[in-house]
Amino acid sequence: MSTTPDATQRNKGKNRVAYIYTTVTCLSLAVFGVLHIALEGNQLLGILELLDAFAVLLILVGMRVAKNIRFQSHLLLLCILTIMFVLLITGGTANTGIFWFFMFPVSAFFLTGGKGGMAWTLALFALVAAVTALQHFGILHTPYPFIALRQLFVSLLVITIGVYAYQRSRDDMALATRQSQQASVEEKLKAETIIENIDEGVIALNAAGEVILANRVAENMLGWRPGELTGKKFTATVPMVDDAGNEIPLKQRPMYQALTHGVPNHITAMYVRKDGGKLPSFITSRAIVVDNKVHGAIETFRDITQEQAIDRAKSEFVTLASHQLRTPISAIAWVSELLLHGDAGTLKPEQADYIQQIYHSNKRMAALVDAMLTTSSLELGSLQVRPQPVDLPDLSRQVLEQQLDTLPADKIIHVKENYAPDLGTVLHDQYMIKTILHNLIANALKYTPSKGTVTVTIKRSSQRLEGVPQKAILIQVADTGMGIPEGQQSKIFTKLFRADNIKHKDTDGTGLGLYIVKTIANYVGGSIRFESEENKGSTFSVWLPATMNARGDAGITESTEKQRGDT
Ligand code: ADP
């Protein structure tokens with residue numbers, strides 16, 4: 001049977017006390033033996049005590065060699081019982097010898113446990129009773145009167161009951177402790193087995209953000225040796241980066257959000273392995289909340305390399321399909337415009353109305369196809385950065401004008417424009433900046449009710465932000481509109497996401513605009529943040545590097561080229 005480390009430790013302690021006890025017994029017997037011979041002239045008792053001391057010495061040696069005190073303990077008690085018998089019939093108890101009688105029950109219970117202690121104490125009773133009876137019937141003569149033996153008997157009884165009660169309660173407590181330890185060991189093993197056999201990486205953090213558990217899959221995937229992550233601050237030890245390789249700020253990491261706000265979160269990002277490699281992962285974090293207090297968080301993640309390969313194939317398909325769709329869409333737009341201009345003869349009002357509907361639906365379809373094409377180009381990394389001098393205020397005014405033209409006649413929006421005078425022209429990709437402005441301004445106008453205000457600010461940023469070059473340009477679009485519900489803000493940059501508060505009011509959206517803005521910002525090494533309160537408004541801020549270099553030379557596709565001119 002295997003023993004737990006705790007049990008081994010307990011046994012060691014018990015053995016040590018038994019050695020000390022046996023040594024003290026041996027020495028006392030030897031000293032008493034010498035004293036009885038030398039000072040009292042009680043030769044018989046003295047010699048017997050010395051013999052007993054020798055026997056106890058042998059027992060002590062036996063204990064040390066065998067390292068098992070059980071058998072030797074019984075031998076020791078037998079020796080002590082023998083000496084007590086001698087003490088009784090020779091009158092040795094008159095002096096210090098009485099000590100052995102009162103120590104015996106304590107020693108017996110301690111050395112041999114509840115049952116053994118009881119057996120040995122009964123043996124002592126039997127001995128005292130036998131000597132009393134033999135004396136009573138005149139068979140044996142001890143130096144004690146009957147009353148003294150009776151007192152000894154009663155004293156022994158009281159001590160025995162006391163020691164027995166104490167021993168029982170200790171045994172019960174020890175049993176209860178062992179049982180609860182056993183139960184918690186089993187629980188731990190069960191939990192560990194489950195966690196170890198999950199096919200995803202599992203990391204558990206305490207409230208301070210330190211790793212308290214990482215399963216083997218997690219350690220393998222992150223490239224750490226077993227147990228190496230334990231105790232380390234997870235977010236500081238294992239960096240997380242986005243597709244462009246920019247480090248994801250601490251506050252946006254799902255673990256941080258779970259620990260500080262207690263809300264479940266998920267994200268698709270890349271973990272940086274110990275060897276510097278990147279692990280594309282789908283990461284979910286959840287807080288451990290007890291009594292409304294966050295005690296830690298659990299993160300699960302899986303490798304999505306394969307899924308990304310499939311996504312890539314899908315993006316390629318979408319690029320191809322969108323590109324093919326552009327030709328018939330352009331043809332429909334062109335022909336509807338001809339019809340509306342009366343090139344094929346004057347239309348009846350009803351006919352003009354139908355053609356108008358075809359024209360607008362086709363325009364929406366064109367916008368959707370454009371968004372799909374931009375999305376897939378960004379995902380494939382085939383959108384080339386083409387730096388050119390850009391007048392940002394001018395570009396922003398153009399976009400605003402275009403967008404305000406599309407507003408219904410009864411919708412009045414106050415527009416404020418703040419362009420820093422020191423902006424000048426910047427070397428940037430005009431198409432990308434226009435796409436960002438277009439999506440942010442379109443959203444602000446779309447999700448702000450009539451009489452609201454939209455403010456567009458463009459300036460050089462004074463802040464130095466993580467992952468953003470020092471001289472960043474800040475594009476900020478603020479509105480006093482419907483805002484984004486707090487519980488849905490973490491999903492705002494997810495592809496095809498549309499918040500619940502606008503879904504039924506605006507059916508036109510694609511859910512791709514913000515995804516595109518964020519992807520472009522990351523693509524060029526910038527970043528995006530937003531603040532929003534439902535029914536109060538939203539502010540989207542995009543930081544971009546002030547100057548762009550052409551990025552790579554590969555993959556400017558025909559579709560991307562065509563698409564550029566159109567937006
Ligand atoms: P959509 O085509 O639906 O506008 P976006 O990706 O541009 O797609 O935006 C995603 C969602 O984010 C929107 O459906 C809306 O719920 C929310 N949203 C974006 N901008 C704003 C804003 N300025 N005010 C309120 N909600 C916004």
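**Helix packing and the ligand shell**

In this predicted model, helix H9 (residues 305-340) and helix H10 (residues 349-380) have axes that come within 8 Å and cross at roughly 155°. Angles over 145 degrees count as roughly antiparallel, so H9 runs roughly antiparallel to H10. As for handedness, the crossing of H9 and H10 is left-handed. The contact of H9 with H10 is made up of 17 nonpolar residues, along with nine polar and six charged ones.

Now to the ligand. Its surroundings comprise 20 residues, and those that come nearest are Asn-443, Tyr-447, Arg-498, Thr-510 and Leu-514. Sorted by character, the shell around the ligand holds ten nonpolar residues, seven polar and three charged. Several secondary-structure elements chip in: helix H12 (430-446), helix H14 (513-523) and strand E13 (537-545) each supply at least two residues of the shell. H12 gives the most, with three residues.

Polar atoms of the ligand pair up with both backbone and side-chain atoms of the protein. On the backbone side, a polar atom of Leu-514 sits 2.8 Å from an oxygen atom of the ligand; Leu-514 is also one of the residues that come nearest to the ligand. Ala-499 likewise offers a polar backbone atom, 2.9 Å from an oxygen atom of the ligand. On the side-chain side, Ser-538 has an N or O atom 3.4 Å from a nitrogen atom of the ligand. Taken on its own, the ligand has 530 Å² of accessible area, and the protein covers 98% of that.

Conventions
Residues numbered from 1 in each chain as written. Predicted model: local features only at pLDDT ≥ 70, side-chain atom pairs only at ≥ 80, totals over all residues. Heavy atoms only, no water. Near = heavy atom within 4 Å. Polar contact = N/O pair within 3.5 Å; in protein donor to acceptor, adjacent residues only side chain to side chain. Areas by Shrake-Rupley, 256 points an atom, 1.4 Å probe, with all protein chains shown as cover. Helix = DSSP H or I, 4+ residues; strand = E, 2+ residues; numbered from the N terminus. Nonpolar A, V, L, I, M, F, W, Y, C, P; charged D, E, K, R; others polar. Axes fitted to C-alpha atoms, helices over the stretch in contact; angles between N-to-C directions. Parallel < 35°, antiparallel > 145°, perpendicular 65-115°, else oblique. Left-handed = near helix turned anticlockwise from the far one by under 90°.
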